[in-house]
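Here are a few exercises to work through with the model open beside you. Try each task before reading its solution.

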Amino acid sequence: MDPNDIRIPASEMMAFCAGALVKAGATSPDAQLVAYHLVMANLTGHDSHGVGLLPAYLKHAVEGLVDVSAEPDITHDKGAVLKIAGHDAWGRKAGEFALRAAMKKAGDLGLCAVTLSDAHHLGRIGAYGEMAAQDGFSALFFVNVTDHDPMVAPYNGSDSRFGTNPVCIALPPTGTKPAFLLDMATSRIAMGKARVAANKGLRVPFGSILDENGAPTDDPSGFKSFEQKGALAPFGDHKGYGLAFAAELLAGVYSGGGTIQPGNKRRGGIRNQMFAVVMQPNAFDDPAAMERETDAMWEYALASPPADWDSPVVAPGDPERSLRKRRSTEGLPMDVETLKQMNAAAEAVGVTERLGS
Ligand code: NAD
């Protein structure tokens, strides 16, 4: 933690965010849900997708870039395929609606492919993966981002043509192992991580950002305060780029919500489209045999002697689990600049309380 950071208890942060969202027009249940989703992202260590987004969410609510009274609905339901329209509703609400509908169908059929179009920002996709895994389902998620300018350069490109298009793979816990949760942006660093680093005056790994001329840099200052000068690089060179492209096509095209190509609207909001496959593991093999093989593979992978004894081998999802435990007791570490942005945005919608004072 940065020595200048201020610790805010999660409950205080929830109340502040929910209060501000209500002032911006959200219903009280939606405000609670969205605030919970943001705070949970911070608790799991994903500050990029946490409460630092409150200023953007309030702005979107005031400007109509999220429809605070919209409800997602099912527009297509045939066989194992479901399509959900988000109607610009809050992302957490639309994402949870889509996932619950898909889990119900996967429970009946063994599997369901679901798409979600035009939802406001879905935030941390791992939250939906955790929800599926907790209910005993496995799930794959591909997400694209529209309604604003692109942020990620294609491999060998020099300007932005993609969103940070996250991919998430979740598998349920066994009797002895926790859920497997791989949840990642396809950019080398998430956009919000560049923003948080810029707000704190920190550097980012060299080459994770391209400057305005397309040259690799470690300077995130072009991403301060929701600005964007330059582009993020895809992770893993052509491989991350390929996954980002696949997410654009699966989520953007299959949902009907559209890709980030410039023929589609860029109003300055954040819209997500999602393509997910939700599976009932029991439909594939004997549950006891699957658990035995899963446990054996976990044990084999994690038994690798660490190259650096200060960084043991862990499984995808482990870092989030351990941070959640720690931050739930210690509170959320907040940098001064992010708090300033949050307080200013909340004041603009009529909130009188101040965080961190
Ligand atoms: P990250 O790089 O912090 O983590 C990626 C994955 O790697 C996680 O599953 C994590 O558990 C795993 N991991 C991390 N360290 C590990 C280690 N030492 N050993 C094994 N596994 C390890 O995540 P990110 O790419 O910065 O993404 C941040 C968040 O941003 C994600 O929750 C993602 O869903 C979200 N996101 C959302 C959008 C959107 O439009 N809604 C866009 C981009 C990203």
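A residue counts as buried under 20% relative accessible area, as exposed over 50%, and as partly exposed in between. Please keep in mind that this is a predicted model.

**Exercise 1. Sort Asp88, His87 and Lys23 into buried, partly exposed or exposed.**

Solution. Start with Asp88: its relative accessible area is 11%, which is under 20%, so Asp88 is buried. Next take His87, whose relative accessible area of 37% makes it partly exposed. Finish with Lys23, a residue of helix H1: at 52%, Lys23 is over the 50% cut-off and therefore exposed. While you are at Lys23, look across to Pro262: the two are 239 residues apart along the chain, and their C-alpha atoms are separated by 33 Å.

**Exercise 2. Find what the backbone does at His87 and Asp88, in the loop between E3 and H4.**

Solution. Begin with the background: most residues other than glycine have a negative phi. Now read the angle of His87, where phi is near 55 degrees and thus positive. Move on to Asp88, which is not a glycine either and has a positive phi of about 65 degrees. Then place them: His87 is in the loop between E3 and H4, and Asp88 is in that loop too.

**Exercise 3. Work out how strand E4 sits among its partners, and whether it is enclosed or open.**

Solution. First, trace the partner E3 (residues 81–85), which pairs with E4 in the parallel sense over five bridges. In this pairing, Leu82 stands opposite Val114 of E4. Second, follow the connection: E3, helix H4 (residues 91–109) and E4 form a right-handed β-α-β unit. Third, turn to E11 (residues 271–279), which runs antiparallel to E4 and is joined to it by eight bridges. Here Ala119 faces Asn272 of E11. Last, count burial: eight of the ten residues of E4 (residues 111–120) are buried, so the strand is largely enclosed by the rest of the structure.

**Exercise 4. Describe the two largest pockets by volume, lining and residue class.**

Solution. Take the largest pocket, which holds about 880 Å³ of space. It is lined by 37 residues, and the closest to its centre are His121, Met151, Met191, Gly192 and Ile270. Next, ask which elements contribute: H3 (54–63), E5 (138–146), E7 (180–184) and H6 (191–200) each give at least two lining residues. The largest share is that of H6, with four residues. By class, this lining has 14 nonpolar, 14 polar and nine charged residues.

Now do the second largest pocket, with a volume of about 410 Å³. Of its 19 lining residues, Leu171, Pro172, Pro281, Met290 and Thr294 are the closest to the centre. Helix H8 (residues 287–302) gives the most to this lining, namely five residues. The classes here are twelve nonpolar, six polar and one charged.

**Exercise 5. Locate the largest nonpolar core and name the elements that build it.**

Solution. Recall that in soluble globular proteins, nonpolar side chains tend to be buried together. In this model the largest nonpolar core has 36 residues, and Met13, Leu21, Trp90 and Met342 have the most contacts inside it. Then list the elements: H1 (10–23), H2 (28–43), H3, E12 (332–334) and H10 (336–348) each supply at least two residues of this core. To finish, find the main contributor, which is H1 with the largest share, eight residues.

Technical notes: Residues numbered from 1 in each chain as written. Predicted model: local features only at pLDDT ≥ 70, side-chain atom pairs only at ≥ 80, totals over all residues. Heavy atoms only, no water. Buried < 20%, exposed > 50% of the residue type's maximum accessible area, 1.4 Å probe, protein only. Pairing = 2+ DSSP bridges. Right-handed = clockwise from strand over helix to strand, strands pointing away. 1 Å grid on protein atoms, 1.4 Å probe; cavity = no way out; pocket = protein on both sides within 12 Å on 5 of 7 lines; lining within 4 Å. Points joined across faces, edges and corners; volume = space filled by probe spheres on them. Nonpolar A, V, L, I, M, F, W, Y, C, P; charged D, E, K, R; others polar. Core = buried A, V, L, I, M, F, W, Y, C linked by side-chain atoms within 4.5 Å.
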